[in-house]
Amino acid sequence: MTINPDWYLGLGVVLFSIGALGVLIRRNVLVMFMCIELMLNAANLTFVTFARMLHDIGGQVLVFFVLVVAAAEVVVGLGIVVAIFRRRASATADDLHLMKG
Amino acid sequence: MLAASGHISAVDVGTFAVAAAIILAGAIGVVVARNPVHSALMLVMTLFGVAVLFVLQRDPFLAAVQVIVYAGAIVVLFLFVIMFLGVDRKENLGTEPLRGQRPLAIGLTVLGATGLLLLGQVSHWTTGAPHVAGLDTGSHSNVYLLGKSVYTTYLFPFEATAALLIIAVVGAVVLARRPPAPSNPEVDEGDEPGTTELVADGQLSEPEANATGTTTPATHEEARP
């Protein structure tokens with residue numbers, strides 16, 4: 001007998017909340033990216049848990065795609081950070097208010 | 001929730017407890033660490049804990065992929081960018097540019113998490129139809145089932161993933177490319193905002209300035225606006 005899936009889902013909720021909190025309160029763009037990775041991992045954990053609860057392989061395949069999308073997102077996002085840093089010499093989100101009207 | 005723990009093996013419970021503690025400690029560490037390098041290392045800890053939970057859910061292949069791709073590639077990319085930009089100095093977490101934004105964020109997050117947990121207690125988490133895309137159990141191994149599902153049921157998303165990766169590679173190359181030299185007649189779209197950024201740009205890209213001649217591009221750019 002394995003562990004009740006509710007525990008995994010509760011852990012996923014808490015992990016997602018910590019990631020969302022990090023995106024909200026941190027100002028360093030790189031740390032904000034890491035918090036987005038935390039949220040993606042919480043989603044992955046729930047996908048695998050649901051796959052086991054429903055005896056469905058689809059959840060695990062979705063984790064696969066989430067991994068790919070996360071990798072692509074990180075590559076493009078860090079490219080943007082480097083491009084911004086080349087102009088502004090800071091990695092703080094508060095300094096990026098050029099578009100403010 | 002806790003009532004069903006009578007006939008669960010102690011090894012499973014212990015593994016889950018340790019992995020959950022690792023995950024939560026790492027996640028909190030990512031958020032509160034003042035140094036970005038420490039945040040990245042804490043992120044590795046969290047990813048490893050999630051991989052342990054994948055193993056605990058009879059999913060060893062995804063656990064391996066998690067460790068290889070996330071901890072091996074993505075976090076290394078993070079660390080590379082941190083070191084490349086030289087932003088591995090401590091950040092002052094005390095300053096708060098928007099007054100009241102931080103308590104509001106904490107309150108909203110706690111409220112949302114509590115609401116979700118309560119919702120899971122009073123209603124059913126799982127309301128889907130079982131095994132639509134294929135069983136995850138049977139005589140075949142986990143990798144066999146996963147591969148078969150990717151190349152049959154989920155073939156179109158898989159192809160779309162390939163396109164996404166190509167687009168990401170092209171985007172990264174375009175973003176990482178240095179802007180063309182100012183003497184180029186097709187001067188690009190990025191130079192409009194003002195002179196201060198051009199000066200900052202000139203200070204930052206010293207190797208390029210050394211390669212093309214130090215004085216002439218700067219004077220040209222000052223004369224342009």
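The following exchange concerns a predicted model of two chains, A and B, and asks how its descriptive terms are earned.

Modeller: Because this is a predicted model, local features need pLDDT of at least 70 and side-chain atom pairs count only at pLDDT 80 or more, while totals for chains, interfaces and linings use all residues. Residues are numbered from 1 along each chain as its sequence is written, and chains are lettered from A and ligands numbered from 1 in the order in which they are written.

Biologist: What makes a residue part of the contact between the chains, and how many residues does each chain give?

Modeller: Two residues are in contact if their C-beta atoms, placed from the backbone, lie within 7 Å; the contact takes 77 residues from chain B and 70 residues from chain A. On the side of chain B that touches chain A, at least two residues come from each of several helices, including H1 (10-32), H2 (36-56) and H4 (101-122), helices being DSSP runs of H or I with at least four residues, numbered from the N terminus. That side of chain B has 55 nonpolar, 15 polar and 7 charged residues, where Ala, Val, Leu, Ile, Met, Phe, Trp, Tyr, Cys and Pro count as nonpolar, Asp, Glu, Lys and Arg as charged, and the others, Gly among them, as polar.

Biologist: Why are H2(A) and H2(B) called roughly parallel?

Modeller: Their axes, lines fitted to C-alpha atoms over the stretch in contact, are 10 Å apart and pack at an angle of about 5 degrees. Angles run from 0 to 180 degrees between N-to-C directions, and those under 35 degrees count as roughly parallel, over 145 as roughly antiparallel, 65 to 115 as roughly perpendicular and the rest as oblique; H2(A) and H2(B) are therefore roughly parallel. Among the residues making this contact are Leu38(A) and Leu45(A) of H2(A) and Leu43(B) and Val50(B) of H2(B), and by class the contact has 13 nonpolar, 4 polar and 1 charged residues.

Biologist: Why, then, are H1(A) and H4(B) called roughly antiparallel?

Modeller: The axes of H1(A), residues 5-25, and H4(B) come within 9 Å and cross at roughly 165 degrees, and H1(A) and H4(B) are therefore roughly antiparallel to each other. Residues including Gly10(A), Val14(A) and Leu21(A) of H1(A) meet residues including Ile106(B), Ala113(B) and Leu117(B) of H4(B); the contact divides into 12 nonpolar, 5 polar and 2 charged residues.

Biologist: How do you know that H2(A) is mostly covered?

Modeller: A residue is buried if 20 or more other C-beta atoms lie within 10 Å of its own, exposed if 12 or fewer, and partly exposed in between, with C-beta atoms placed from the backbone; 21 of the 26 residues of H2(A) are buried.

Biologist: Why is Gly14(B) called exposed?

Modeller: Gly14(B), in helix H1 of chain B, has 10 other C-beta atoms within 10 Å and is therefore exposed.

Biologist: What makes His55(A) and Arg58(B) partly exposed, and what are their phi values?

Modeller: His55(A) has 14 C-beta neighbours inside 10 Å and so counts as partly exposed, and Arg58(B), with 13 such neighbours, also counts as partly exposed. His55(A) is in the loop between H2 and H3 of chain A, with a positive phi near 55 degrees in a residue other than glycine. Arg58(B) lies in the loop between H2 and H3 of chain B, and has a positive phi of about 60 degrees although it is not a glycine.
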